[in-house]
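Open the model in your viewer and set it to cartoon, with side chains available on demand. The stops below are given in the order in which to select them.

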Amino acid sequence: MPGAAQAQALVRFHIEPKRYSEALLDLAQQANITLVGARACDGALSSGLVGAYTVEQALNRLLDGAPCSWRLVAPGTVEITPPAKAAPRAPPPPATVSELLVTATKRPRNPRELAVAISAAPRRDLEATGATDVGDAATQLAGVLATNLGPGRNKLLLRGLSDGAYTGRTRSTVATYLDEIPLNYNAPDPDLRLVDVERVEVARGPQGALYGAGSLSGVYRIVTRKPDLNALEAEIRASAATTSGGSPSGAVQGFVNLPLWGVAGIRASGYQEVQGGHLDDTNLGRKDVDRTERRGGRLTLLVRPNDTWSLTVTGAGQHLRSDDTHYTTPGQGLKRANRIAEPHVNDITLATATLRGHWTWGDCTSSTGFVRHAYGSFYDATKVQSRYTNVAQTSAYSERSRTRMLVHDMFVSGEDGPVEWLVGLYGSRTSAHSPNELLAQNTIGTVRLDVPVYSDDRRDRFQELAAYGEASYEFAPGWTAALGGRVFKHRTRTSSRVISELFKPRSFEREVEFQGFSPKLSVQRELSSGDLLYAVVSEGHRAGGVNSGGAQPLPVERELFVPDRLRHFELGAKVETMDGRLAVNSAVFYDLWRNIQTDQFRPSGIPYTTNAGDARILGLETELAFRWTDNLLAQVNGRVSHVKTSDPNLNFAPRLVDELPGAPPFSGGAVVSYERPIAGDWLLRLTGEAAYVGRSRLTWEPSNGPKMGGYVRTRLLAEVSARNVGLQVFVANPTDAFGDTFAFGNPFNPDQTQQITPQRPRTFGVTVFATY
């Protein structure tokens, strides 16, 4: 039942004859329950439903004779499913048209009803396109870009709001979440493989009111599948691929779901992936040096003793290692000549517990999580070794960081007539240890000696406390206004000890504190057709911090970097027409970004953080989904923006280019899918996707510095499947295009124009899967 109190209480329903999917959404709204999968019910009601019933009675009466059934999946949440022996399912609806519920606003809602630009890619769409990580899924998610330094080294960008192409001390502009818990602080994206997930969600624009610092340009959220308390099921997938001129790749993944005594369930998933290399190092005499391995797993326990309470406990981890970097030298194709290998490791483990309560007056969610994130890179620093040592044949820079983050977030939400409200408390404590050093390398006989000639043993402690809330009021039929905000306080303590062969050692310890308020205001108008018009004003922020490192200290004016703040204005529309076959989501946005924090490199290759200046960004983004026939679906998205910089920080640069580094003025993507039954329960699906990333600069400098982009990513996939088995065949980069995806690779190479990161060559692959 949907919930003990709801099941026993009578609700007065008034539902007129209409399609089952529309009638079910009316029922959910009138009963104040969450409904998933309404489009799984085809056909129409011959008569309506009028009168006082319990929710269970109403569902049973409404679906009497319908080609679908209902079941409880969580307190207050009902899922509609087709019958077990139904005909092959209809083509998967696009996320922009679907009634898919998202929780990026901390409450389950249909994205078409929210004054927020949200995209969601459900599991079936991810599987249909073979997407295994955020880079693969970006084509389906408007406004999503990522740098391409290599797996586990990239930073995510939303709406082209880039603070620079490099990853360093600044907090990420995109908050990455696994369910209710943030995964990153100032680290590169962990690049989690999308295994056994329910969907991925992207909320674009500052989400400071609900998510605080780190959500300056939005939130990227992975929603995992939870244990099913009523069904024993399992799935396994295996893939193999070959890349032109490179080594073979392969992956295996799967999950198993085990119900326990009707009140609990366990869901376990795991994966092992090897991405074969395709770059050769002529100096080291090694082929396919950029091999990457990724393995991990997740174990979730769900306990639901009654219809009011549920407890979800999750443990997850992933190990990612690349044997070498992914950049090359222009003019040498897929070859380069380095003196030493440059491996990278990105490991993450986490444990979370989420307690949920559901009552007639509202809901309570309390989440606690512990995240351990360890990553490190090894760079060839021979070209700058004279700055650090007088005796070395080659030199390497070892960059490491170990972050531990403890997070607690609790919020309560409810609804009383035309008023909806949410209040919450948030607290986090993060510690980061970054022992970085430069190693002088000398070979004696067959033994290589690595001697530290420079080191920066840095430790950071971050504390964040916040109280937040949001309330909305339907002040007239179809008109709703919402007001929210977040009061926050940050405290950062940094200590550093620098030891150098050529200079005197030094150390310091400093503490800085920041506090403030991030507001949000929105007004929306829901038309009689169900379409939505909205306007929103919101803010995002990041705390400042302290620089350290370098054989010689930075000038006093560069020791600190101050907080930055982004004020956001947006006008949007979410429209469906042509009997629901065409859906358009579009938004115009204008951003005022003050004191932009950016990570940069000194001439010696050591990173530091500064404030670049201010920027004004005017942009337009659009998502369009069109179902040409019942079998043919097209989804297209695009973003265009114009940037004007001002008030440069003269301690950084006297002038800034009118662009944001790493963010092209235009980007877009398209997915076209065709699906039809071929024999019995067998289904054929053809999918093609393409994404365009425009030209952009690597740096803030207005001179002719490195440029990148201007390329198209493509992928074709064919799938044949029945109820329990299937086969996919795919080709990525079928034209074997050679585009510069990232004009950067090694910060210790003074001439950055000598580095490019080409697309992976043409790759053919096959995937087989079976479900039990």
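The tour covers a sheet and then a few cysteines, in a model that is predicted.

**Stop 1: the sheet.** Select strands 6, 11, 12, 9 and 10, in that order, and the 5 strands of an open sheet with mixed pairing are on screen. Now colour residues 117-122, which are strand 6, and residues 181-182, which are strand 10. These two strands stand at the edges, and each has a single partner strand, so one side of each is left without a neighbour in the sheet.

**Stop 2: strands 9 and 10.** Keep strand 10 and add residues 174-178, which form strand 9. The two strands pair in the antiparallel sense, over 2 bridges. For one of the contacts, pick Leu178: its bridge partner in strand 10 is Ile181.

**Stop 3: the disulfide.** Show Cys41 and Cys68 as sticks; a disulfide joins them, with 2.1 Å from S to S. The count for the model is 1 disulfide. Looking along the link of Cys41 and Cys68, the angle about the S-S bond is -60 degrees, which is left-handed.

Which loops hold the two cysteines? Cys41 lies in the loop between strand 2 (34-36) and strand 3 (49-53), while Cys68 lies in the loop between helix 3 (55-62) and strand 4 (69-74). The pair therefore ties together parts that are 27 residues apart in sequence.

**Stop 4: burial of cysteines.** Turn on the surface. Cys41 is buried at 2% relative accessibility, and Cys68 is buried as well, with a relative accessible area of 10%. Finish at Cys364, where the relative accessibility is 16%; because the cut-off for buried is under 20%, Cys364 counts as buried.

Note on methods. Residues are numbered from 1 along each chain as its sequence is written. This is a predicted model: local features need pLDDT of at least 70, side-chain atom pairs count only at pLDDT 80 or more; totals for chains, interfaces and linings use all residues. Side-chain values use heavy atoms; hydrogens and water are left out. Two strands pair if DSSP finds at least two bridges between them. Helices (H or I, at least four residues) and strands (E, at least two) are DSSP runs, numbered from the N terminus. A disulfide is a pair of cysteine sulfur atoms within 2.5 Å. Buried means under 20% relative accessible area, exposed over 50%, partly exposed in between (1.4 Å probe, protein chains only).
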